[in-house]
Amino acid sequence: MAGGGAAASALSSPWRALLQRALDANAHLRHSTYFQLATVATGGRPANRTVVFRGFQENCDKIQINTDARSNKIGEIKSCPFGEICWYFTDTWEQFRISGSIDVIDGSNADPSKLQHREKAWFSSSVRSRLQYLGPQPGIPVLDDEQVKGIHLDPSAGPVDAFCLLVIDPEKVDYLNLKSNQRLMFTRNQMDDGSNDWMAVKVSP
């Protein structure tokens, strides 16, 4: 079983079609867009946190996540640019483990197209969500609650320095359906022309 290359539609990847179906079936649950992102921390120790799915990049399977450029995960990813998503859908009993490389796109990125993706992600977020990037650095003690409450943001202003877009480029997807007791392993193969071909193998749960 194989998916199409880069010229095929965004839903050509077989695992992407399964994920979209799970998203649609669980759309009534607010937490269905939350998943866990694991990275490698200092000393090779695991680091994990819950993040919010911010959609796919246009015409590809890359997954977007908004985060604070001052958070610990940025240094972790720059040191080891790989991670794994664990995404469980409670209504349909489906789990997706998606592993691949992670691209950190902050304001210092030299690629104009990547900066456009970052800006689009910024304006796609609610003003309330954007406000958190104007607060103190994540993880430091809060000494003055009033300082946090008094933050204001111009809704028309572009991304602030602390706003960072993470883009995960999937290389392997482990799909498990607990209702049907079915498990599929999807692996990406890069062709000589640079396009991607996905192979799927049914394995024991």
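This is a short talk between a trainee and a mentor about a predicted model.

Trainee: What should I know about the model before we start?
Mentor: It is predicted, so local features need pLDDT of at least 70 and side-chain atom pairs count only at pLDDT 80 or more, while totals for chains, interfaces and linings use all residues. Residues are numbered from 1 along each chain as its sequence is written, and side-chain values use heavy atoms, with hydrogens and water left out.

Trainee: How do you know what pLDDT the chain averages?
Mentor: pLDDT is the predictor's confidence in each residue, from 0 to 100. The chain averages 90, and 90% of the residues score at least 70. Over residues 1-11 the pLDDT is below 50. That stretch still has 26 contacts in the model beyond near neighbours in sequence. A contact means heavy atoms within 4.5 Å.

Trainee: What makes residues 14-25 a helix, and how far does α1 reach?
Mentor: Helices are DSSP runs of H or I with at least four residues, strands are runs of E with at least two, and both are numbered from the N terminus. Helix α1 has 12 residues. The expected span is 1.5 Å times one less than the number of residues. For α1 that gives 16 Å, and the helix reaches 17 Å from its first C-alpha to its last, close to the expected value.

Trainee: Which residues of α1 are buried, and what covers them?
Mentor: Buried means under 20% relative accessible area, exposed over 50%, and partly exposed in between (1.4 Å probe, protein chains only). In α1, P14, W15, R16, L18, L19, A22 and L23 are buried. Their cover includes β4 (82-89), β5 (94-105) and β6 (163-177).

Trainee: Why is N59 called exposed or buried?
Mentor: N59 has a relative accessible area of 67%, so it is exposed. It lies in the loop between β2 (46-52) and β3 (63-68). Its phi is near 60 degrees, a positive value in a residue other than glycine.

Trainee: And why is N181 called exposed or buried?
Mentor: N181 has a relative accessible area of 52%, so N181 is exposed. It is found in the loop between β6 and β7. Its phi is positive, about 55 degrees, although N181 is not a glycine.

Trainee: How do you know how many disulfides the structure holds?
Mentor: A disulfide is a pair of cysteine sulfur atoms within 2.5 Å. The structure holds 0. For C60, the nearest cysteine sulfur, that of C164, is 17 Å away. For C86, the nearest is that of C80, 18 Å away.
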